[in-house]
Amino acid sequence: MSSIEQLAERVITDAVRNSATDIHFLPRKADTLVQLRIGNKLIPKYSLPKQDCDRLISHFKFTASMDIGERRRPQSGAFSYEVDQRIIGLRLSTLPASNSESLVIRLLPQQQHIPFYQLCLFPVMTRKLFALLKHSHGLIIFTGPTGSGKTTTLYSLLNETSHLFQRNVITLEDPIEKEYDKVLQVQVNEKAGVSYTTGLKAILRHDPDIIMVGEIRDAETAQIAVRAALTGHLVLSTLHTRNAKGALFRLKEFGVNWLEIEQTLVAVTAQRLVELTCPFCSHECSPYCFSSGRWKRANVMELLSGKALSNVLKEVQGERPQDYYPYRTLKDYIKKGIALGFIKEDEYERWVFQDE
């Protein structure tokens, strides 16, 4: 084994054992800084000579079947690695920088599945989500920023519904983040002609009960997802919006027929991953505490469904319903978690906008 291969193994193994979610290679004039994202913070780990780091990035790119000779444009790739008898999926993204090429590696443990009962900090929300899966058709949208746990929530829901309700589940993803034996997973491949739009059209002819679309990115995908829900399929997908209400504005912006939205939309959720208070650390947890195997973060979400959803649909259209039905927002759930002592007080300032 060459020295670069040993260095690559050391970097990945160290990140996995420290329960890191990402590895960042930050190029500087004299050297390259390697940082690990542990929790919500970037922890500096190594300082590598520029020449060694260039060879290391080239090694990762070659392993992920990327073009090692191209450094002027962004690239992405993926491969799997085994650490301590665990399969870890690695998702790579390169970006040309002023000093050199930057690389970020997302770590995705393939065998780590969150049990359904641990999906949300508050069990009442878990029960509501489970009830939504009993619908035979309709559209359920999960919203939140990057890294808020939307895909993890979707995988947990699909894992439950595939073996409890005996349904045929097909997913369309870019990329496939976790491998599931009980679910048919389709990889988006633009070069081969499998886009979100063409893939979704093909899936509809494959007799699915539940379709999971990785992300609604454009108007065409949004319209096909809504029409798939109209034809008797339960469609689950994600959108990048600030809150649950924002998803309705996005669908309207995509030009989806408003009557179709009203007929198909079952629920919209917005979620955040919040840091929990640690019983061992007084304020900030050390990296060693993160690597001890304890859960340091939990999912908090708001849910728009039923009467609250119908009232918000009217509100988005410019109407003010007479019997306005208030619903609990992310702000309310985070405040509740802080009051009960589950969530750190700093999370309120990080996630809650004061104008809400």
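This report describes the overall dimensions, a seven-stranded sheet, the nonpolar cores and one loop residue of a predicted model.

## Overall dimensions

The chain contains twelve helices and 13 strands. Its C-alpha atoms fill a box of roughly 65 × 55 × 40 Å along the principal axes. The radius of gyration is 22 Å, which agrees with the value near 21 Å for a compact globule of 356 residues.

Buried residues account for 50% of the 356 residues. The chain exposes about 17,700 Å², and carbon and sulfur atoms supply 50% of that area. Among contacts in the chain with a separation of 6 or more, 59% are between residues 24 or more positions apart.

## The seven-stranded sheet

Seven strands form an open sheet with mixed pairing, and their order is E9-E8-E10-E11-E7-E12-E13. The edges are strand E9 (184-187) and strand E13 (297-305); each has a single partner strand, so one side of each is left without a neighbour in the sheet. On average, neighbouring strands of this sheet are turned by 20° against each other, with direction ignored.

At the E13 edge, strand E12 (residues 265-275) runs antiparallel to E13, and nine bridges join the two. Within this pair, Ala270 stands opposite Glu302 in E13. Helix H10 (residues 306-316) packs on the sheet and touches both E12 and E13. The direction of H10 makes about 65° with that of E13.

## Nonpolar cores

In soluble globular proteins, nonpolar side chains tend to be buried together. The largest nonpolar core of this chain has 73 residues, and Leu236 and Val268 touch the most other members.

Leaving aside residues up to four places away in sequence, Leu236 touches Leu133, Ile140, Phe142, Leu154, Leu157, Leu158, Ile210, Ile211, Met212 and Val213. A second core, separate from that one, has 34 residues, including Phe25, Leu48, Leu56 and Ala64.

## Pro115 and its loop

Pro115 lies in the loop between strand E6 (101-109) and helix H3 (123-132). Its relative accessible area is 27%, so Pro115 is partly exposed; a buried residue would have to be under 20%, and an exposed one over 50%.

Gly147 is 32 residues from Pro115 along the chain, and the C-alpha atoms of the two are separated by 19 Å.

Conventions:
Residues numbered from 1 in each chain as written. Predicted model: local features only at pLDDT ≥ 70, side-chain atom pairs only at ≥ 80, totals over all residues. Heavy atoms only, no water. Pairing = 2+ DSSP bridges. Helix = DSSP H or I, 4+ residues; strand = E, 2+ residues; numbered from the N terminus. Axes fitted to C-alpha atoms, helices over the stretch in contact; angles between N-to-C directions. Contact = heavy atoms within 4.5 Å. Buried < 20%, exposed > 50% of the residue type's maximum accessible area, 1.4 Å probe, protein only. Rg over C-alpha atoms; globule rule 2.2 N^0.38 Å. Areas by Shrake-Rupley, 256 points an atom, 1.4 Å probe, with all protein chains shown as cover. Core = buried A, V, L, I, M, F, W, Y, C linked by side-chain atoms within 4.5 Å.
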